[in-house]
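New to this one? Here are a few questions and answers to help you find your way around.

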Amino acid sequence: MPSLNLNGQVQTLDLEPEMPLLWVLRDELGLSATKFGCGVGACGACTVQIDGQAARSCVTPLAAVGERAVRTLEGLLDDPLMQGLQAAWLTEQVPQCGYCQVGLLMAAHALLSKSARPSEREMEAALSNLCRCGTYPRVRRAMAQVIARVPA
């Protein structure tokens, strides 16, 4: 019987180990912030963090998570960095349809948790999520706001 270290709590689950993490989160545990996008790990709407690294939950089977810690947006609502990102997202009016924004926020949080002042190349690699509304320039401005607040 697999268990899941989710948002700081270990849960034992009576689920098939090959079930994608996305469906565990949304359908079994009722955490709906993580979105289904493409289903093949390309768009990033389903991005969560596994041991602090951005991961595409639609292509991650529950068994592949093992004992590593999974974080969703619900688990980061009180996190100061996530709150700063969300505030910057609002200031820059990043969301349009909003569907992909949780995935982008999770990827941005993972990046800035690892590197407070990432290079352009690091940002480009980390924020590989797709946004059909084309909010990329706004995402960059929001990221710049958060990065500018980090003491040099």
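Q: Which residues does leucine 29 touch, not counting residues up to four places away in sequence?
A: Keep in mind that this is a predicted model. Look for leucine 29 in the loop between helix H1 (21-28) and strand S3 (47-50). Leaving out residues up to four places away in sequence, leucine 29 touches Leu4, Leu6, Gln11, Leu13 and Val24.

Q: Is leucine 29 buried, partly exposed or exposed?
A: To be buried, a residue would need under 20% relative accessible area, and to be exposed, over 50%. Leucine 29 has a relative accessible area of 26%, so this residue is partly exposed.

Q: How is H3 placed relative to H6: parallel, antiparallel, perpendicular or oblique?
A: The axes of helix H3 (residues 80-91) and helix H6 (residues 136-148) come within 8 Å and cross at roughly 135°. Over 145 degrees would count as roughly antiparallel, and 65 to 115 as roughly perpendicular. The angle fits neither, so H3 is oblique to H6.

Q: How many charged residues are there in the contact of H3 with H6?
A: On the H3 side you'll find Leu81, Gly84, Leu85, Ala88, Trp89 and Thr91, and on the H6 side Val139, Ala142, Met143, Gln145 and Val146. By class, that contact has eight nonpolar and three polar residues, and the number of charged ones is none: no charged residues.

Q: Which element gives the largest share of the largest nonpolar core?
A: This core has 25 residues, and Leu85, Trp89, Val139 and Met143 have the most contacts inside it. The elements giving two or more residues are H3, helix H4 (101-114) and H6. The largest share, eight residues, comes from H4.

Terms used:
Residues numbered from 1 in each chain as written. Predicted model: local features only at pLDDT ≥ 70, side-chain atom pairs only at ≥ 80, totals over all residues. Heavy atoms only, no water. Helix = DSSP H or I, 4+ residues; strand = E, 2+ residues; numbered from the N terminus. Buried < 20%, exposed > 50% of the residue type's maximum accessible area, 1.4 Å probe, protein only. Contact = heavy atoms within 4.5 Å. Axes fitted to C-alpha atoms, helices over the stretch in contact; angles between N-to-C directions. Parallel < 35°, antiparallel > 145°, perpendicular 65-115°, else oblique. Nonpolar A, V, L, I, M, F, W, Y, C, P; charged D, E, K, R; others polar. Core = buried A, V, L, I, M, F, W, Y, C linked by side-chain atoms within 4.5 Å.
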